[in-house]
Amino acid sequence: MRKYEAMVIAKPEMSDADIQKLADRFKGVIEDNGGTVQNASKWDKRRLAYEINGYKEGNYVLINFECGAALPSELNRLMRINDDIIRHRIFLQEEE
């Protein structure tokens, strides 16, 4: 099991309840595939450094989790096909 961090930028017009559903969906995918979620937190709506697909703002969600090596590629695929996500990135956290 390795530690990962996923940063997701969702569309700015989404409500807090919709963003929570989005985070819960990905938490469920992680837990269903044998991983554990340490933290899933919604940040505030923030202005983007540059325009992405016509959006100048976005809702940020940060998910810290542990899982096997195959799960991040599946999460990446699911995040890529989700229309509510503007941009996402999954980082491997280095061991201390």
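The legends below describe close-up views of a predicted model.

**Figure 1. The whole chain follows a β-α-β-β-α-β pattern.**
The chain holds 2 helices and 4 strands. Its radius of gyration is 13 Å, close to the 12 Å that the globule rule gives for 96 residues, so the chain is as compact as a globular protein of that length. The C-alpha trace spans about 35 × 25 × 20 Å along its principal axes. Of the 96 residues, 38% count as buried. Contacts often bridge long stretches of sequence: among those between residues at least 6 apart, 74% join residues at least 24 apart.

**Figure 2. The surface and the charges of the chain.**
About 6000 Å² of the chain is exposed. Carbon and sulfur atoms supply 43% of that area. The chain carries 15 positive and 17 negative charges. The mean positions of the two sets are 5 Å apart. Side chains of opposite charge can pair when their charged atoms come close. The structure holds 3 salt bridges. The next three views take them in turn.

**Figure 3. D16 and K42 form a salt bridge between a helix and a strand.**
The closest N and O atoms of D16 and K42 are 3.5 Å apart. D16 lies in helix 1, which covers residues 16-32. K42 lies in strand 2, residues 36-52. The pair therefore ties together parts that are 26 residues apart in sequence. D16 is exposed, with a relative accessible area of 53%. K42 is partly exposed, at 32%.

**Figure 4. D24 and K27 pair within helix 1.**
These two residues form a salt bridge, with 3.9 Å between the closest N and O atoms. The cut-off for a salt bridge is 4 Å, so the pair counts as one. D24 and K27 are 3 residues apart in helix 1, a separation of about one helical turn. Both ends of the bridge are partly exposed. The relative accessible area is 36% for D24 and 25% for K27.

**Figure 5. E74 and R77 meet in a salt bridge in helix 2.**
Here the N to O distance is 2.8 Å. Helix 2 covers residues 71-81. Within this helix, E74 and R77 are 3 residues apart, or about one helical turn. E74 is partly exposed, with a relative accessible area of 30%. R77 also counts as partly exposed, at 38% relative accessibility.

**Figure 6. N64 is a buried residue in strand 3.**
Strand 3 covers residues 55-67. Is N64, which sits in this strand, buried or exposed? Its relative accessibility is 16%. Buried means under 20%, so N64 counts as buried. Leaving aside neighbours within four places in sequence, N64 is in contact with Y4, E5, V37, Q38, N39 and Q93.

**Figure 7. N53 has a positive phi in a loop.**
N53 is found in the loop between strand 2 and strand 3. Its phi is near 50 degrees. That is a positive value in a residue other than glycine. Most residues other than glycine have a negative phi. N53 counts as exposed, at 65% relative accessibility.

**Figure 8. D84 touches residues far away in sequence.**
D84 lies in the loop between helix 2 and strand 4, the strand of residues 85-92. Which residues does D84 touch, not counting those up to four places away in sequence? They are I9, A10, K11 and M14. D84 and M14 are 70 residues apart in sequence. In space, their C-alpha atoms are 8.1 Å apart. D84 is partly exposed, with a relative accessible area of 31%.

**Figure 9. E31 in helix 1 and its separation from I81.**
E31 is found in helix 1. At 44% relative accessibility, E31 counts as partly exposed. How far apart are the C-alpha atoms of E31 and I81? They are separated by 20 Å. Along the chain, E31 and I81 are 50 residues apart.

How values were computed: Residues numbered from 1 in each chain as written. Predicted model: local features only at pLDDT ≥ 70, side-chain atom pairs only at ≥ 80, totals over all residues. Heavy atoms only, no water. Salt bridge = Lys/Arg side-chain N within 4 Å of Asp/Glu carboxyl O. Buried < 20%, exposed > 50% of the residue type's maximum accessible area, 1.4 Å probe, protein only. Rg over C-alpha atoms; globule rule 2.2 N^0.38 Å. Contact = heavy atoms within 4.5 Å. Areas by Shrake-Rupley, 256 points an atom, 1.4 Å probe, with all protein chains shown as cover. Lys, Arg positive; Asp, Glu negative; His and termini not counted. Charge placed at Lys NZ, Arg CZ, Asp CG, Glu CD.
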